[in-house]
Amino acid sequence: MNQIPPFHSLSLRRSVLSVPAINLRALEKSHSLDCDAVIFDLEDSVAPENKGQARENLRAFFAGPPLAGKERVIRINSLSSEFGAADLDLVKAILPDAVLLPKVDEPRVIAETSDLLADAQAPEELRIWAMIETPRGVLNVGAIAESGCMPGARLDCLVVGLNDLRKETGVLPQPGRNFLAPWLMQIILAVKAYGLDALDSVFNDFRDAEGFDVECGQGRAMGFSGKMLIHPSQISAANRHFGPSEEEIAEAQAIISAFADPAARGLNVINANGRMIERLHLVQAEALVHKAHLISARKPA
């Protein structure tokens, strides 16, 4: 049986901005933004006749100054499409931090992409992210997440795509996402079971700051690691909602200190100020403090 890591990744993914690879101005602006990761999109935001130019834009961009302090992810077109093979060739050539696969319906897609990257001798650090945006993807999300535990697997993160999911199911885009919440929680259960990250879907109206704020709070309460964004104006709120609060950091540090006490050596459960704390909470606390340190390190001196 595969051992499931409690935390597959300790990367910051509070704010993940999607940037059309065809937009040169947006590519250059990504250097100055305070998001944790950038998805360079070759798929939905690029018209078919512009796919080749978008790939060349990324080739030139990656040859220039590095995108410091941010994960670099390239969303490719489906490998079954006429554009997918060329997109993946670009990924293998310029080596981003991850490749984002669209409309992943079953674990076979993850395995096949992992094999293609391995055959090209791509470094293990080049990870796979998967969009969950179809009914079949949601139905199979447990098996998709489990594929990240297979030998040689590169899966790190699932990204929810509600626009396509709404289109295919007929669920209306209502505030609160009441009818979508069961599917979102199904995705959360899958990633938590297999030690992955999950990113909440985009909020389409970037002018509606109040609505975005509410949805970020809901996503954080559900257990998402962060949110996929469509506009730089959304970065600050996403960082605030999905980053640890001062109270959470203080509580995590207290848990770490409690287990550091020599009296706690060899114990899996301890009593700290009348509260029973398991060693699992120590793992969670260490992960939270690590992310707090990463956030602090990104702030200007």
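**Cores, charges and unusual backbone angles in a predicted model**

Ala221 sits in helix α9, which spans residues 209-222. In this predicted model, Ala221 is exposed, and its relative accessible area comes to 69%. A useful sense of scale comes from pairing Ala221 with Phe259: the two are 38 residues apart in sequence, and their C-alpha atoms are 27 Å apart in space.

Before turning to the interior, a word on confidence is in order. The pLDDT averages 93 over the chain, and 96% of the residues score at least 70. The exception to keep in mind here is residues 1-7, where pLDDT stays under 50. For that stretch the model has 14 contacts beyond four places in sequence. Where pLDDT is low, predicted coordinates should not be read in detail.

The interior can be described through its nonpolar cores. In soluble globular proteins, nonpolar side chains tend to be buried together. The largest core in this model holds 61 residues, and the members that touch the most other members are Phe40, Leu58, Ile74 and Leu158. Helix α8, residues 181-194, gives the most to this core, contributing 6 residues. A second core, separate from this one, has 13 residues, among them Ala98, Trp129, Met131 and Val202.

Phe40 offers a good view of the surroundings of one of these core residues. Beyond its neighbours within four places in sequence, Phe40 is in contact with Leu58 and Ile74, and also with Val19, Leu27, Phe61, Phe62, Leu67 and Val73. The contacts of Phe40 also include Ser30, Arg72 and Arg75.

Arg75 appears again among the charged pairs. Side chains of opposite charge can pair when their charged atoms come close. Across the whole structure, a search finds 27 salt bridges. In one of them, the side chains of Glu43 and Arg75 meet with an N to O distance of 3.5 Å. This pair links distant parts of the chain, 32 residues apart: Glu43 belongs to the loop between β2 (37-41) and α2, and Arg75 to strand β3. Both Glu43 and Arg75 are buried.

A further buried pair is formed by Asp200 and Lys227, whose closest N and O atoms are 3.2 Å apart in a salt bridge. Asp200 is part of strand β7 (residues 197-200) and Lys227 is part of strand β8 (residues 226-229), so this salt bridge ties together parts that are 27 residues apart in sequence.

The salt bridge between Glu248 and Arg220 has its closest N and O atoms 2.7 Å apart. Because Glu248 lies in helix α11 (residues 246-260) and Arg220 in helix α9, the pair ties together parts that are 28 residues apart in sequence. Here the partners are partly exposed, with relative accessibility of 27% for Glu248 and 28% for Arg220. Elsewhere, salt bridges that share partners join Arg13, Glu71, Glu124, Arg127, Asp156 and Asp197 into one network.

Lys70 presents another arrangement of a charged side chain. This residue is found in the loop between α2 (51-63) and β3 (71-75). Lys70 is buried yet has no salt bridge, and Asp34, the nearest side chain of opposite charge, is 6.7 Å away. That distance falls outside the 4 Å cut-off for a salt bridge. Polar atoms of the Lys70 side chain do approach the backbone: one lies 3.0 Å from the backbone oxygen of Leu33, and the backbone oxygen of His31 is 3.3 Å from a polar atom of the same side chain. Not counting residues up to four places away in sequence, Lys70 also touches Ser30, Cys35, Asp36, Ala37, Val38 and Asp97, besides His31 and Leu33.

Two residues are worth a look for their backbone angles. Lys103 is not a glycine, yet has a positive phi of about 45 degrees. Lys103 lies in the loop between β4 (98-101) and α4 (107-119), and counts as partly exposed at 29% relative accessibility. Gln121, also not a glycine, has a positive phi of about 60 degrees. The loop between α4 and β5 (127-132) holds Gln121, and this residue is exposed, with a relative accessible area of 71%.

Notes: Residues are numbered from 1 along each chain as its sequence is written. This is a predicted model: local features need pLDDT of at least 70, side-chain atom pairs count only at pLDDT 80 or more; totals for chains, interfaces and linings use all residues. Side-chain values use heavy atoms; hydrogens and water are left out. pLDDT is the predictor's confidence in each residue, from 0 to 100. Contact means heavy atoms within 4.5 Å. A nonpolar core is a set of buried Ala, Val, Leu, Ile, Met, Phe, Trp, Tyr and Cys residues joined through side-chain atoms within 4.5 Å. Buried means under 20% relative accessible area, exposed over 50%, partly exposed in between (1.4 Å probe, protein chains only). Helices (H or I, at least four residues) and strands (E, at least two) are DSSP runs, numbered from the N terminus. Lys and Arg count as positive and Asp and Glu as negative; His and the chain ends are not counted. A polar contact is a pair of N or O atoms within 3.5 Å; within protein, one must be able to donate a hydrogen and the other to accept it, and residues adjacent in sequence count only if both atoms are side-chain atoms.
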